[in-house]
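The following note is offered to a colleague who is meeting this structure for the first time. Please keep the sequence and the model in view while reading the numbered points.

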Amino acid sequence: MATAPSPEVSADQHVLTAVSGSIGSIRLNRPRALNAITTEMVAAIDSSLRAWATEPLTAVVVSSSSEKAFCAGGDIRAVQENSLTGNYAANERFFATEYSLNLHMSGYQTPLVALIDGICMGGGLGLSVHGGFRVVSEKASLAMPETTIGFFPDIGASYFLSRLPGGLGAYIGLTGYRLDAADALYTGLATHFVPSADINAVPQFLAESPRVPIDESLRRMAPHALLEDSYLATHRQGIDWCFMAPTVEELLRRLRTHDSAWAFETAEILETKSLQSLQVTSALLAWGRQHDLRRCLETELDVALRVTRTADFIEGVRAALVDKDRTPRWSRSQFAGFDAFGKSQWADPA
């Protein structure tokens, strides 16, 4: 989710990179904006990864200078402004550059270690979940909140959410639920836990034991971690039954007949979302389950360029990020699904 621009540093300082011994460091440094990523930031990260591809590094650590956030996502407010002014080429550059980085990170040969010590939403998951190691602290809060702003979970979410067991991926993608550390570990979106007080020591700890497997090193840092029970685990039976429904309409019917406080509250949450966004998300997760990450990102790019021109996206960003009245007035536009080639079909074309 986007916030106001960060004036305290110039654009070329929003990503700080360095190599110390065998550890590469990529540090997001746009704290006033909760590290909301821009096209330039994405390009800087990608450039560093490419420059280090042949270096004898044992790990690349992705972290944040903010005490509140790893990364609050893409600069969606800027995307909305581009749509309003008709600068669609700028939006295409942003999404294409971001998705290319997501794909690059997924196949990067040096292990990537993301340190999530705060908010991690949308594009922040794109900078972490595609790497091999996602370390969370007790301050971690992960979410894909895009249906709240008339958008959809992107950055490869149609690939990684669709592969979570049962109805977990659909629940996370459709509701925008915020996962704490226990939830993140339960779903596998996080791989390790390290207390917030120790998380900044991870790069040095890894550097001091270059021959020790990263998994082992991270487990050594918190051998007796005690976390609250996962909310998702507690409600897993209801999540699976309701969110494995084949359509949004059937999902809502199951929630209304489930006869539990959890189901009632969840139905109320979904009814505040853009129906178009719920339909797009549901269809993408079903489609993505049978395609690889590259195909998923290609299809997400097509959908993103369409959705960002729709009334629901413009209105959703207005209500959440511009006027902040939290009362979006959604349209009645409908998403019709995908053709055999993964191209989006719209009942009410933008």
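1. A convenient starting point is Leu255. Setting aside neighbours within four places in sequence, Leu255 is in contact with Cys242, Phe243, Trp262, Ala263, Thr266, Ala267 and Leu270.

2. Leu255 also belongs to a wider assembly: the largest nonpolar core, of 84 residues, in which Leu255 is listed with Leu49, Leu127, Val136, Leu142 and Phe243 as having the most contacts inside the core. Helix α16, residues 293-307, gives the most to this core, with six residues. Another core, of 14 residues, lies apart from it and includes Ile23, Val61, Val113 and Ile214. As general background, nonpolar side chains tend to be buried together in soluble globular proteins.

3. The reader should bear in mind that this is a predicted model. The mean pLDDT of the chain is 92, and 92% of its residues reach 70 or more. Residues 1-9 call for caution: pLDDT stays under 50 there, although the model has 33 contacts for this stretch beyond four places in sequence. Where pLDDT is low, the predicted coordinates should not be read in detail.

4. One open sheet consists of six strands in the order β1-β2-β3-β5-β7-β9, with mixed pairing. Its edge strands, β1 (15-20) and β9 (192-193), each pair on one side only. Within the sheet, β3 (residues 59-64) and β5 (residues 112-116) run parallel and are joined by three bridges. Val62 stands opposite Ala114 in β5.

5. A helix accompanies this six-stranded sheet. Helix α10, residues 214-221, lies across β3, β5, β7 (133-136) and β9, and runs at about 5 degrees to β7.

6. A further open sheet is formed by three strands in the order β4-β6-β8, and here the pairing is parallel. Why is one side of β4 and of β8 left without a neighbour in the sheet? Both β4 (69-71) and β8 (141-143) stand at the edges, and each has a single partner strand, so one side of each lacks a neighbour in the sheet. Neighbouring strands of this sheet are turned by 15 degrees against each other on average, direction ignored.

7. The pairing of β4 with β6 may be examined at residue level. Strand β6 covers residues 119-121, runs parallel to β4 and is joined to β4 by two bridges. Ala69 stands opposite Ile119 in β6. In general, strands of a sheet pair through backbone hydrogen bonds, either parallel or antiparallel.

Methods: Residues are numbered from 1 along each chain as its sequence is written. This is a predicted model: local features need pLDDT of at least 70, side-chain atom pairs count only at pLDDT 80 or more; totals for chains, interfaces and linings use all residues. Side-chain values use heavy atoms; hydrogens and water are left out. pLDDT is the predictor's confidence in each residue, from 0 to 100. Contact means heavy atoms within 4.5 Å. Two strands pair if DSSP finds at least two bridges between them. Helices (H or I, at least four residues) and strands (E, at least two) are DSSP runs, numbered from the N terminus. Axes are lines fitted to C-alpha atoms, for helices over the stretch in contact, and angles run from 0 to 180 degrees between N-to-C directions. A nonpolar core is a set of buried Ala, Val, Leu, Ile, Met, Phe, Trp, Tyr and Cys residues joined through side-chain atoms within 4.5 Å. Buried means under 20% relative accessible area, exposed over 50%, partly exposed in between (1.4 Å probe, protein chains only).
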